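Please walk me through this protein model, sheet by sheet. I would like to know how its strands and helices fit together.

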Amino acid sequence: MAASPSTARAINDRLALRLLQQEGPLTAGQLKELTGLSRPTVADLVERLTAAGLIEVAGEARAQRRGPNAKLYGIVAGRAHLAALDVRTEGVALVVSDLVGGVLAEASLPIADDTGTGPAVEQAVALVERTAKEAGADRLHTVGIGAPGLIDPATGELRDSTGLPEWHRRLVAALQERLPEARVSVENETNLAALAEQRDGAASDRDTFVLLWLGHGTGAAVILDGTLRRGASGGTGEIGFLPVPGTRGLPSATDCTGGFHSLAGAAAVAQLAAEHGIAPDRGADPEAAGAVRAAVSAPESATHARFLDTLADRVAVGVASVVALLDPGCVVLGGELGQAGGTELAARVQDRLTTMSPLPVEVRPSTLGGGAVLRGALLTARDHAQDELFGVPGH
């Protein structure tokens with residue numbers, strides 16, 4: 001069945017907007033070439049999207065050219081403002097951007113362990129309001145939040161998790177209450193990191209891969225056929241609870257001690273480094289990342305090599321489990337420890353996998369590291385905002 005004229009216009013407009021998002025400002029001629037639409041159709045959609053306030057003239061293609069064909073059209077970046085938050089146990093990092101993802105302001109705020117739930121929430125909300133004001137954003141259209149813990153797939157809410165601060169869960173509701181016009185959404189931090197690595201990082205050439213997060217905690221995110229998989233309860237990738245050899249005891253439903261976390265979490269890696277006499281880089285956070293970075297800086301040292309080999313043995317246990325179940329073909333080592341280990345650690349883990357698994361897998365270091373969560377939250381907020389705004393060009 002042929003599409004109605006209004007449906008065809010909506011499809012064409014959406015296609016043009018996506019191209020402008022991906023490629024940046026384009027001329028009408030370039031839009032014609034990339035979309036395959038006729039010149040009159042492109043002229044109509046340019047006029048329609050300009051009238052809707054979604055695109056505007058952003059310059060000229062070449063200074064020596066004149067006339068309508070030389071005009072470059074781009075998305076109106078100031079049409080909406082977005083915020084992205086990376087919520088950690090020890091504080092919050094934040095960016096405010098325009099509709100195309102251009103960062104307008106950044107801020108961070110440490111929150112001490114002994115801060116009460118109410119004060120912690122108020123400090124975080126005030127940080128968002130203050131930073132948005134500094135960015136010149138009268139209102140925020142969309143707020144994307146990355147946080148540790150499980151996301152309920154039925155409600156989209158952060159579930160109550162043992163060991164995580166109560167203010168994490170309260171923050172989402174508080175932001176929605178203080179910013180009633182904004183769309184506020186929350187996603188697991190490791191999932192957001194994987195989306196960022198898929199879009200802009202180490203897995204940009206892969207539609208199936210697993211991100212193994214190595215930081216204060218351990219986690220995994222699964223991308224299969226280009227789609228993030230969350231599982232029936234939102235718990236896909238809770239690899240910290242995976243029972244593994246080399247630990248004392250077994251994890252419980254409320255405590256991952258004894259699981260993979262006890263092998264590869266920051267505290268375990270810091271202890272391993274101390275046993276090898278490796279001091280972390282000064283001011284490193286987590287401390288374990290500084291120790292890994294110090295070892296990688298001089299891998300020819302026998303002490304450093306032994307530490308990296310032992311760490312690779314531990315990480316390979318978790319990676320081998322993931323590979324055996326999912327056969328992803330690619331595993332990205334993310335988080336602060338994965339970034340600190342770089343290609344040196346990734347190569348050691350891959351060497352071990354060749355003897356542990358019959359399945360081929362490429363182990364890569366993250367290119368975004370600890371910043372992947374914030375980047376993923378911003379990309380997700382941008383996608384949500386554009387999905388809403390781009391679907392309304394007045395048909």
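Contact here means heavy atoms within 4.5 Å. The model is a predicted one.

Start with Thr 131. This residue is found in helix α4, which spans residues 117–134. Is Thr 131 buried or exposed? Its relative accessibility is 1%, so Thr 131 counts as buried. Residues up to four places away in sequence are left out of its contact list. What remains is Leu 94, Val 96, Ala 105, Glu 106 and Ala 107.

Next comes a sheet. Five strands, 5 in number, form an open sheet in the order β5-β4-β3-β6-β7. Its pairing is mixed. The edges are held by β5 (103–110) and β7 (183–188). Each of these has a single partner strand, so one side of each is left without a neighbour in the sheet. From one strand to the next, the twist averages 15°.

Look at the pairing within this sheet. Strand β3 (residues 81–88) runs antiparallel to strand β4 (residues 91–98), and the two pair over 8 bridges. Leu 85 stands opposite Leu 94 in β4. Leu 94 is also one of the residues that Thr 131 touches. Arg 88 has Gly 91 of β4 as its bridge partner. The link is brief: β3 and β4 form a hairpin with 2 residues between them.

Now move on to the other partner of β4. β4 and β5 pair in the antiparallel sense over 7 bridges. Gly 91 stands opposite Pro 110 in β5. These two strands form a hairpin as well, with 4 residues between them. In the turn, Gly 101 has a positive phi of about 95°. How covered is β4? It is mostly covered, with 7 of its 8 residues buried.

A helix also packs here. Helix α12 (residues 372–390) lies across β3, β4, β5, β6 (142–147) and β7. Its direction runs at about 145° to β3.

Turn to another sheet. This open sheet has 5 strands in the order β10-β9-β8-β11-β12, again with mixed pairing. Which strands stand at the edges? They are β10 (227–229) and β12 (362–365). Each has a single partner strand, so one side of each has no neighbour in the sheet. The twist averages 25° from one strand to the next.

Within this sheet, strand β8 (residues 209–214) and strand β9 (residues 218–224) pair in the antiparallel sense. They do so over 6 bridges. One bridge partner can be named: Leu 212 is matched by Ala 220 in β9. Helix α6 (residues 189–200) packs on the sheet. It touches β8, β9, β10 and β11 (330–334). The direction of α6 makes about 50° with that of β9. Helix α11 lies across β8, β11 and β12. It runs at about 160° to β12.

Helix α11 has a helical partner too. Two packed helices are described by the angle between their axes and the distance between the axes. The axes of helix α10 (residues 302–326) and helix α11 (residues 335–356) come within 8 Å. They cross at roughly 55°. α10 and α11 are therefore oblique to each other. Their crossing is right-handed.

Which residues meet between these helices? From α10, they include Ala 305, Leu 308, Asp 309, Leu 311, Ala 312 and Val 315. From α11, they include Glu 344, Leu 345, Arg 348, Val 349 and Met 356. By class, the contact of α10 with α11 has 14 nonpolar, no polar and 5 charged residues.

Finish with Tyr 73. This residue sits in strand β2 (residues 71–75). Its relative accessibility is 11%, and buried means under 20%, so Tyr 73 counts as buried. What does Tyr 73 contact, leaving aside neighbours within four places in sequence? The list is Leu 20, Pro 25, Leu 26, Ala 28, Val 46, Ile 55, Glu 56, Val 57 and Ala 58. Take Ala 28 from that list. Tyr 73 and Ala 28 are 45 residues apart in sequence. In space they are 7.6 Å apart, C-alpha to C-alpha.

Technical notes
Residues are numbered from 1 along each chain as its sequence is written. This is a predicted model: local features need pLDDT of at least 70, side-chain atom pairs count only at pLDDT 80 or more; totals for chains, interfaces and linings use all residues. Side-chain values use heavy atoms; hydrogens and water are left out. Buried means under 20% relative accessible area, exposed over 50%, partly exposed in between (1.4 Å probe, protein chains only). Axes are lines fitted to C-alpha atoms, for helices over the stretch in contact, and angles run from 0 to 180 degrees between N-to-C directions. Angles under 35 degrees count as roughly parallel, over 145 as roughly antiparallel, 65 to 115 as roughly perpendicular and the rest as oblique. A crossing is left-handed if the near helix is turned anticlockwise from the far one by less than a right angle, and right-handed if clockwise. Ala, Val, Leu, Ile, Met, Phe, Trp, Tyr, Cys and Pro count as nonpolar, Asp, Glu, Lys and Arg as charged, and the others, Gly among them, as polar. Two strands pair if DSSP finds at least two bridges between them.
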